[in-house]
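Let's take a walk through this protein together. Have a look at the picture first, and then we'll go from the whole chain down to one residue.

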Amino acid sequence: YPAVLKNALDVLYKEWHNKPIGFVSYSGGITGGATVINQLRDVALELKMIPVETSVSIPSNWKAFDTKGHLLHNNFDKDINHIVDQLIAALKSRQIH
């Protein structure tokens, strides 16, 4: 993951503390950045954030879009909605504002 992302997480530690977080990644490789999500999930736990269970990885990003720029990822909308539902549920269960 980029250093600027880690810096933002570190600098805003108090703001992120005890907040849920979801992950979406992409890469040119076949894993779609899944290893980065695993690393960031560990970082988030150390920073006392609450990673939701679902994540989305988009592999082979150069082939991920059609000629009109539409994402070809199967079930992307469903997966993103599932992440958002988990974020909302985490907020409600902890009554975080």
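How much of the chain is tucked away? Of its 97 residues, 28% count as buried. Keep in mind as you look around that this is a predicted model.

Now try tracing the chain from its start. You should come across four helices and two strands. Beginning at the N terminus, their order is α-α-β-α-β-α. If you drew a box around the C-alpha atoms, along the principal axes, it would be roughly 40 × 30 × 20 Å.

Which parts of the chain touch each other? Take the contacts with a separation of 6 or more: 67% of them are between residues 24 or more positions apart.

Next, the outside. The chain has an accessible surface of about 6,700 Å², and carbon and sulfur atoms account for 57% of that. As for charges, the chain carries 10 positive and 9 negative ones, and the mean positions of these two groups lie 3 Å apart.

Finally, let's zoom in on the surface. Tyr1, Val4 and Leu5 make a nonpolar patch there, with an area of about 270 Å². Tyr1 sits in the segment before α1, the helix that covers 3-11. Is Tyr1 buried, partly exposed or exposed? Its relative accessibility is 35%, so Tyr1 counts as partly exposed: the partly exposed range lies between the buried limit, under 20%, and the exposed limit, over 50%.

Key:
Residues are numbered from 1 along each chain as its sequence is written. This is a predicted model: local features need pLDDT of at least 70, side-chain atom pairs count only at pLDDT 80 or more; totals for chains, interfaces and linings use all residues. Side-chain values use heavy atoms; hydrogens and water are left out. Buried means under 20% relative accessible area, exposed over 50%, partly exposed in between (1.4 Å probe, protein chains only). Contact means heavy atoms within 4.5 Å. Accessible areas come from the Shrake-Rupley method with a 1.4 Å probe; for residues, only the protein chains shown count as cover. Lys and Arg count as positive and Asp and Glu as negative; His and the chain ends are not counted. The place of a charge is taken as NZ of Lys, CZ of Arg, CG of Asp or CD of Glu. Patches are made of residues with over 30% relative accessible area and no salt bridge: like charges are joined within 9 Å, nonpolar side chains (Val, Leu, Ile, Met, Phe, Trp, Tyr) within 5 Å. A salt bridge is a side-chain nitrogen of Lys or Arg within 4 Å of a carboxyl oxygen of Asp or Glu.
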